[in-house]
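Trainee: I have a model open on the screen and would like to talk it through with you. Where should we start?

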Amino acid sequence: KIETSHGGPEEGESLTSRLPTREGWWKPFFLFQGFWLTPEVIRSTVLMQAQFRPRADDIFLATYPKCGTTWLKALAFTVANRSRHPVASHAHPVLTSNPQDLVPFLVLRPIKELEALPSPRLLSTHLSCTSLPSGASTLGCRIVYLCREPKDVLVSTWHFFTNKVHKDFHIDLGKAFEFFCEGFSIGGPFWEHCLGYWKQSMEEPGRVLFLKYDEMMANPAEHVKILAEFLGVPFTEKEESAGVVEEVVRLCSFENLKSLPVNSTGVSDRVGGLPTENSSFFRSGKVGDWKNHLTEEMASKLDCIVEEKLKGSGLSF
Ligand code: A3P
């Protein structure tokens with residue numbers, strides 16, 4: 001069993017050296033608290049678990065990578081801040097900031113920066129629910145979890161990490177597929193990540209909102225209303241009849257975000273040592289794009305694995 005460290009950064013260093021490790025992605029990953037992560041994320045998580053003090057009104061936006069984090073950040077920020085930033089404003093922050101920068105990540109950011117944020121804080125994480133700051137659950141911190149159809153997650157992951165995030169790193173789709181099926185993908189196993197939050201959402205539906213990218217794409221307005229309700233800022237009748245819900249959907253739509261200069265140009269290093277093109281967060285934004293990349297055989301293999309892993313949980317894709 002891997003111990004959950006609550007020590008400082010030095011302890012994080014020695015912890016990494018004792019963890020199971022595996023190569024194949026752009027750098028070795030380590031199995032930490034049940035999930036494959038980079039050493040930087042592990043060290044930062046250890047620090048966060050030791051030092052970060054959750055507040056009862058914190059809201060965590062939790063996602064497995066490539067499940068729609070950018071979209072969820074844009075939506076939650078827009079919905080939660082609409083009294084300060086009217087959705088139709090020409091100076092809306094979504095128009096001038098990459099959504100990744102509107103909601104800070106819980107790890108790989110200085111804790112002081114997070115502490116300086118006014119309440120209620122919106123924070124984002126790719127960590128599993130078991131790695132969230134201790135106290136978050138007892139304090140009743142709310143969590144919005146967004147997941148996505150696994151074949152689309154794999155294809156999106158492959159596109160993002162091959163040649164995009166690390167210019168010298170290339171991985172064949174076949175290899176990325178094999179790794180994903182083995183649970184060896186960044187933040188994986190994918191199904192364990194989903195299951196953890198799924199179970200929590202079943203136990204505490206008022207505290208954990210479980211969303212699916214595919215369902216949100218099918219009916220974004222309905223989900224924006226659900227999100228607003230959950231964040232404690234439901235739309236008023238007046239707002240609904242004025243079309244504010246639809247304005248949020250349009251502002252945060254894939255097409256709109258992708259077309260903005262702030263998202264279509266430039267490179268940002270948000271996590272230190274991993275410069276990423278801003279445009280790489282906006283690729284195709286489609287449900288079912290896996291059909292353009294995976295063979296029938298690959299698709300049914302991954303479907304079978306995921307079905308088996310989720311068996312009896314009530315969760316399906
Ligand atoms: P694709 O690679 O399938 O296009 P994350 O934000 O977690 O990194 O997820 C990225 C995925 O979400 C990418 O999927 C990206 O295109 C898609 N995406 C980004 N912004 C979106 C939006 N506003 N609406 C829908 N999908 C979006």
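Mentor: Let us start with a term that we will need: two strands count as paired if DSSP finds at least two bridges between them. Please also keep in mind that this is a predicted model. With that in place, we can look at one pairing, in which I143 has V208 in β7 as its bridge partner.

Trainee: OK, and how many bridges join β6 to β7?

Mentor: Five bridges join them, and the two strands run parallel. Another pair to find on your screen is L146, which stands opposite L211 in β7.

Trainee: What order do the strands of that sheet have?

Mentor: The order is β5-β4-β6-β7 in an open sheet of four strands, with parallel pairing. The edges are taken by β5 (122-125) and β7, each of which has a single partner strand, so one side of each is left without a neighbour in the sheet. From one strand to the next, the twist averages 20°.

Trainee: Why do you call β7 largely enclosed, then?

Mentor: Having no neighbour on one side within the sheet is a statement about strand pairing, whereas enclosure is judged here from burial: four of the five residues of β7 are buried, so the strand is largely enclosed by the rest of the structure.

Trainee: Switching to helices, what does α12 lie across?

Mentor: Helix α12 lies across β4 (59-63), β6 and β7, and it runs at about 155° to β6.

Trainee: And which residues of α12 are buried?

Mentor: They are P220, H223, V224, L227, A228 and F230. If you look down the axis of α12, these buried residues fall within an arc of 165°, so they line one face of the helix. What covers them includes α3 (69-80), β6 (142-147), β7 (208-212), α11 (213-218) and α14 (244-251).

Trainee: How far apart are the ends of α12, and what should they span?

Mentor: For the twelve residues of α12 (residues 220-231), a rise of 1.5 Å a residue gives an expected span of 16 Å, and the end C-alpha atoms are 16 Å apart, which agrees. Just after the helix, G232 takes a positive phi of about 85°.

Trainee: Back to F230 for a second: why does it count as buried?

Mentor: F230 has 21 C-beta neighbours inside 10 Å, and the cut-off for a buried residue is 20 or more, so F230 counts as buried. Leaving aside its neighbours within four places in sequence, F230 is in contact with R142, V144 and L209. Its C-alpha atom is also separated by 7.8 Å from that of G206, a residue 24 residues apart from F230 along the chain.

Trainee: What about α17, what span should that one have?

Mentor: The 15 residues of α17 (residues 296-310) should span 21 Å at 1.5 Å a residue, and the end C-alpha atoms are indeed 21 Å apart. Just after α17, G312 takes a positive phi of about 85°.

Trainee: Zooming out, how many helices and strands does the protein chain have?

Mentor: The protein chain has 17 helices and nine strands. Its radius of gyration is 19 Å, close to the 20 Å that the globule rule gives for 317 residues, so the chain is as compact as a globular protein of that length. Of those 317 residues, 41% count as buried.

Trainee: And what share of the contacts is long-range in sequence?

Mentor: Among contacts between residues at least 6 apart in sequence, 72% join residues at least 24 apart.

Conventions
Residues numbered from 1 in each chain as written. Predicted model: local features only at pLDDT ≥ 70, side-chain atom pairs only at ≥ 80, totals over all residues. Expected span 1.5 Å × (residues − 1). Buried ≥ 20, exposed ≤ 12 C-beta atoms within 10 Å, placed from the backbone. Arc of directions from axis to C-beta. Contact = placed C-beta atoms within 7 Å. Axes fitted to C-alpha atoms, helices over the stretch in contact; angles between N-to-C directions. Rg over C-alpha atoms; globule rule 2.2 N^0.38 Å.
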